[in-house]
Amino acid sequence: MSQPHRIAIIGAGPAGFYTAEALLKQAKVDISIDLIDALPAPYGLVRYGVAPDHQKIKSVTKIYEKLFGDKRLRYLGNVHFGRDLSYEELKAHYDAVVYTVGAASDRQLGIAGEDLGSSLSATQFVAWYNGHPDYVNLNPKLDMKAVAVIGMGNVAVDVCRILARHVDELAKTDIADHALEALRESQVEDIYMIGRRGPAQTKFTTKELRELAEMVNADVIVKAADLELDELSQAEAEKDINTKNNLKVLHEIVDQGVQNKPRRLHIRFLQSPKEILGEREVEGLVLEHNRLINHNGESKAVGTGEFETLPVGMVLRSVGYRGEPLAGVPFHEKWGIIPNEAGRVSTLEGHIRQGEYCAGWIKRGPSGVIGSNKPDAVETAEKLLEDLATLPRIDQKLSDPQNVDKLLKLKGVEVINFEDWQHLNALELKAGEVLGRPRVKFVTRSEMIEACTKSPV
Ligand code: NAP
């Protein structure tokens, strides 16, 4: 009798779980899946990306957790693909592989001063306040009065909100303890959110913008004159319901006026960062004012030659995430994704790589909300299932899941399985319950691994 088809999914974030869900839903083909993640804890961007004051969004993990009720699915945490498990080993142990590693890195501005001490990416800052083990030691100093956040997407909004909120509000969340302490000491009073285009070209969603307007600790400041639209912007706003609603809320913010709250969030349109000033740390940000031109029917920002320097002590660029290449796997440098055809991995020349698939941000780029990964993963799973019958099988001597376990053990990898994670999870929830918080996160790998081996409480 032939063994179940062995499938590895690399990356236990939303795309990984939705791929597993779609594969498990079918009963036609006998499969067994290992969901592998470099970190001890599963859930990827839900645990380490979603803002701590957005707990409702995180409840999606309950759906993911239920999938482990199916014995065809195993969790292999703390296993770093490329270090603990090579591409060749992966291919030898699994009939099919799905890469769902997301976009771990960030896009850069490419301007002078970007490498100064307090010039950081939102990716780093977000990972730090969410307790990602690799960013525990980021220690951003928040001893400046003013900070600039570059970009007008939802990540920029998250970062601005975390900087603007009262620390007592954050203390009710699962924000990492080290970040809570740093934010308690924060001297930040003015936060500048800088957009290179206008109010009709914002990327954030209306719900998120409205949340900014409702903050108790910070006034949101928008200049009425900035909301006057040119013809093309007006047409763009007519076409897009989110833009239309954003404009409505921006007008409400202007009408609301300033209420002398302790902090101020200045939303600045039509300005591009040109240089970050300072010796070691950021001392200022040079901005060029822009105007919009019609570029093939889309609004494009061009500089006016008019400059301004903002006296900020920190710059957080939030201009998009970026995928990272995986050893042995094709990578499209410019787009920061794995080249693919509807989820089937291809070479850069377009030749399909048998038995290799991808889903989520590493497939389509860093766009969309968590739920957007579901149809994306379903498409990939469908292609995989279509191919499975004709894919060459691995050496059947290696098809028992224990073989990969033995290999990892031999290499000294401390694999965290789902039961181990449940121990860690229970401890975090318990620690949170005592303090009236959703959870208190373990933040270093060693703490996490130690907690995994403790009995559940
Ligand atoms: P994003 O939505 O693509 O926004 C990137 C922003 O950076 C845009 O405003 C863009 O402006 C700007 N930008 C790019 N290059 C720039 C440059 N060189 N100079 C100045 N500005 C520049 O990306 P994101 O905020 O990282 O979000 C990623 C995805 O995650 C999005 O789909 C987002 O909705 C989602 N997300 C959702 C939530 C939520 O639902 N609560 C939370 C976080 C993230 P242009 O438009 O001019 O290019």
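This is a short talk on two sheets and a ligand site in one protein model.

Hi everyone. Before anything else, keep in mind that what we have here is a predicted model.

Let's begin with the six-stranded sheet. The sheet is open, its strands pair in parallel, and the order across it is E6-E14-E7-E8-E10-E9. Which strands stand at the edges? Those are E6, residues 119-121, and E9, residues 218-221. Each of them has a single partner strand, so one side of each has no neighbour in the sheet. And if you look at how neighbouring strands sit against each other, they're turned by 20° on average, ignoring direction.

Now pick out one pair in there. Strand E7, residues 146-150, runs parallel to strand E14, residues 314-317, and four bridges join the two. If you want a spot to find on screen, look for Val149, which stands opposite Leu316 in E14. There's also a helix to look at here: H6, residues 122-129, lies across E6 and E14. Its direction makes an angle of about 75° with E6.

Okay, on to the second sheet. This one is open too, with three strands in the order E11-E12-E13, and here the pairing is antiparallel. The edges are E11, residues 271-277, and E13; each has just a single partner strand, so again one side of each is left without a neighbour in the sheet. Neighbouring strands in this sheet are turned by 25° against each other on average, direction ignored.

How many bridges join E11 to E12? Six, with the two strands running antiparallel. Between E12, residues 284-295, and E13, residues 298-310, there are ten bridges, also in the antiparallel sense. One bridge pair to find is Leu285 with its partner Leu310 in E13. E12 and E13 form a hairpin with two residues between the strands, and in that hairpin Asn296 takes a positive phi near 50°. Lying across E12 and E13 you'll see helix H11, residues 231-239, running at about 120° to E13.

Let me stay with one residue for a moment, His289, which is found in strand E12. What is the bridge partner of Gln271 in E12? It's His289. The side chains of His289 and Gln271 also make a polar contact, at 3.5 Å. Leaving aside residues up to four places away in sequence, His289 touches several others, including Leu270, Val302, Thr304 and Glu308. Compare that with Val440, 151 residues away along the chain: the C-alpha atoms of His289 and Val440 are 43 Å apart.

Last stop, the ligand. It's surrounded by 22 residues, and the closest are Met152, Asn154, Arg196, Arg197 and Gly368. Which helix gives the most to this shell? That's H7, residues 154-164, with three residues. By type, the shell divides into nine nonpolar, seven polar and six charged residues.

Here are some distances you can check yourselves. A ligand oxygen is 2.6 Å from a polar backbone atom of Gly368. A ligand oxygen is also 2.8 Å from an N or O atom in the side chain of Arg197. And for Val155, the distance from a ligand oxygen to a polar backbone atom is 3.1 Å. As for cover, the ligand on its own has 930 Å² of accessible area, and the protein covers 83% of that.

That's my tour, thanks for listening!

Key: Residues are numbered from 1 along each chain as its sequence is written. This is a predicted model: local features need pLDDT of at least 70, side-chain atom pairs count only at pLDDT 80 or more; totals for chains, interfaces and linings use all residues. Side-chain values use heavy atoms; hydrogens and water are left out. Two strands pair if DSSP finds at least two bridges between them. Axes are lines fitted to C-alpha atoms, for helices over the stretch in contact, and angles run from 0 to 180 degrees between N-to-C directions. Contact means heavy atoms within 4.5 Å. A residue is near a molecule or strand if one of its heavy atoms lies within 4 Å of it. A polar contact is a pair of N or O atoms within 3.5 Å; within protein, one must be able to donate a hydrogen and the other to accept it, and residues adjacent in sequence count only if both atoms are side-chain atoms. Accessible areas come from the Shrake-Rupley method with a 1.4 Å probe; for residues, only the protein chains shown count as cover. Ala, Val, Leu, Ile, Met, Phe, Trp, Tyr, Cys and Pro count as nonpolar, Asp, Glu, Lys and Arg as charged, and the others, Gly among them, as polar.
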